[in-house]
Structures are given as C-alpha cells and as structure tokens.
Amino acid sequence: TKYPESTRIVIIPNPVIPTDWIKKDAPAPEAKKLINVARLTRQKGHERLIGMMAELPAGYRLDIAGDGPLKEEIASQVRTLNLEDRVKILGLVNGIPELLSGYDLMVLPSYVEGFPNVVIESLSVGIPVVAFEVGGISALIRDGFNGYIVEQGDTAAFKDRVIRACSRTWDHQAIKEDVAARFSIEAIVSDYQELIA
C-alpha cells in the first residue's frame, strides 16, 4: 500500500560549490596517487584501506587527510606494514577540492556513511571515486562513468577497481559537468521549492 503524503520522506542532498577555477593536475606517470579524506574513526574503514595498500603494486601512493582518535593506531599499522614511503597521514587540511584535484583517485573504504560530501567534492573537480556500497553512495557514483561501487566488504574487488580506475582514462570534464548539473545550488534550491510548493 502507498503511504499517505504526510509520512513520505524527501531527501535533498547538499549542493556542490562551483569549482570551475580549479584545474585537474596532469597525472604523474611514475605513481598512482590515491587520496582519502575522512575523520580517523573505526567506521571510516582505514584499517582495511591500509591493508589493501600493502597488496597493491609498489607504484601506488596513498595520502589520508583527516584527524581523529585512531590517528596513532593507523600510523602504527602503516609502520608495521612498512608502508611509510607509500602512505602519508596529512592531518587536517583546508581547501579540500583543491587538494583532491592533485590526485588520480579518491577512495572511500567506509563501513558507514550518509551522503558523503567528500564524494561530491571529488567529482566536482573531475576526480573519480572508488567506494564500498554504503549510505547514499549509489546516488553519487555512476559505475564506470565517474568511479566504481564495490560490494561492502569485498576488499579483493575494491583493489581490482582501484587498479582498473588508475589504469584507464577518465573524462574529467564530463564528471565535473555531471555532478554540477545534478547537485548545483540551483538544482538543490529547485528541489526545496518543489518540496515547499
């Protein structure tokens, strides 16, 4: 049966801030540059991301932007796996879209998410995303167009998609235009106007 109008829930996402002035850096042929931006807590899945890094080819590099209660535990795992030359914890960083533009791929290994703004920010500068299926991620990532969605917990598939994403050419401009069209301030305001009307 259909629920009454009064009980329907409408989800309206946050808008993407225009980033036309940010230019994607040219890819570095000598390394594959991965970025994760998240609070350093258990639900963000850093421990499995670090474990995956140990199994990726030596040319893959990962920077983690963020801070939180697991910072030292994550740093310890990096040392234990001898990944100090490949994994860096950047701490808190300002200007996330500008930061993201310098990478080949954004990775989201979270166990729990809502509607992750960092994915919108990444796509807004044309950077594809590999993420586990979580929260509202399927409303953001169009598999094969602007990244890949992996079944939650399938780390072998996640590693495969990371390698696949870093081995192909992406249409960065199309990724930017798509997310701008779907999540522009104008589009989100229109959603609110429709809801109120």
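**Exercise 1.** In this predicted model, work out which residues line the largest cavity and which element gives the most to that lining.

*Solution.* Start with the residues themselves: Thr41, Arg42, His46, Glu47, Leu70, Glu73, Ile74 and Gln77 make up the lining. Next, look at the secondary structure: α1 (46–55) and α2 (71–80) are the elements that give two or more residues each. Of the elements, α2 gives the most, with three residues. Now sort the lining by class, and you get two nonpolar, three polar and three charged residues. As for volume, the cavity comes to about 40 Å³, and the structure holds one cavity of 30 Å³ or more.

**Exercise 2.** Find the sense in which β2 and β3 pair, then give the handedness of the β-α-β unit that includes α2.

*Solution.* Take the strands to begin with: β2 (residues 60–65) and β3 (residues 87–91) run parallel, paired over four bridges. For a spot check, go to aspartate 63, which sits opposite lysine 88 in β3. Then add the helix: β2, α2 and β3 together form a right-handed unit.

**Exercise 3.** Classify the ring pair of phenylalanine 115 and phenylalanine 183, and say how buried or exposed each residue is.

*Solution.* The search turns up three aromatic pairs in the whole structure. In this one, the centres are 6.0 Å apart and the planes lie at 65 degrees, making the pair edge-to-face. Along the chain the partners are 68 residues apart: phenylalanine 115 is in the loop between β4 (105–108) and α4 (117–124), phenylalanine 183 in helix α6 (residues 172–183). Finally, check accessibility: phenylalanine 115 is partly exposed at 26% relative accessible area, while phenylalanine 183 is buried at 6%.

Note on methods:
Residues are numbered from 1 along each chain as its sequence is written. This is a predicted model: local features need pLDDT of at least 70, side-chain atom pairs count only at pLDDT 80 or more; totals for chains, interfaces and linings use all residues. Side-chain values use heavy atoms; hydrogens and water are left out. On a 1 Å grid over the protein atoms alone, a cavity is a set of points where a 1.4 Å probe fits but cannot get out, and a pocket is an open set with protein on both sides within 12 Å along at least five of seven lines; lining residues have an atom within 4 Å of a point. Grid points are joined across faces, edges and corners, and a volume is the space filled by probe spheres set on the points. Ala, Val, Leu, Ile, Met, Phe, Trp, Tyr, Cys and Pro count as nonpolar, Asp, Glu, Lys and Arg as charged, and the others, Gly among them, as polar. Two strands pair if DSSP finds at least two bridges between them. A crossover is right-handed if, with the strands pointing away from the viewer, the path from the first strand over the helix to the second runs clockwise. Rings of Phe, Tyr and Trp (its six-membered ring) pair if their centres lie within 6.5 Å; planes under 30 degrees apart count as stacked, over 60 as edge-to-face and the rest as tilted. Buried means under 20% relative accessible area, exposed over 50%, partly exposed in between (1.4 Å probe, protein chains only).
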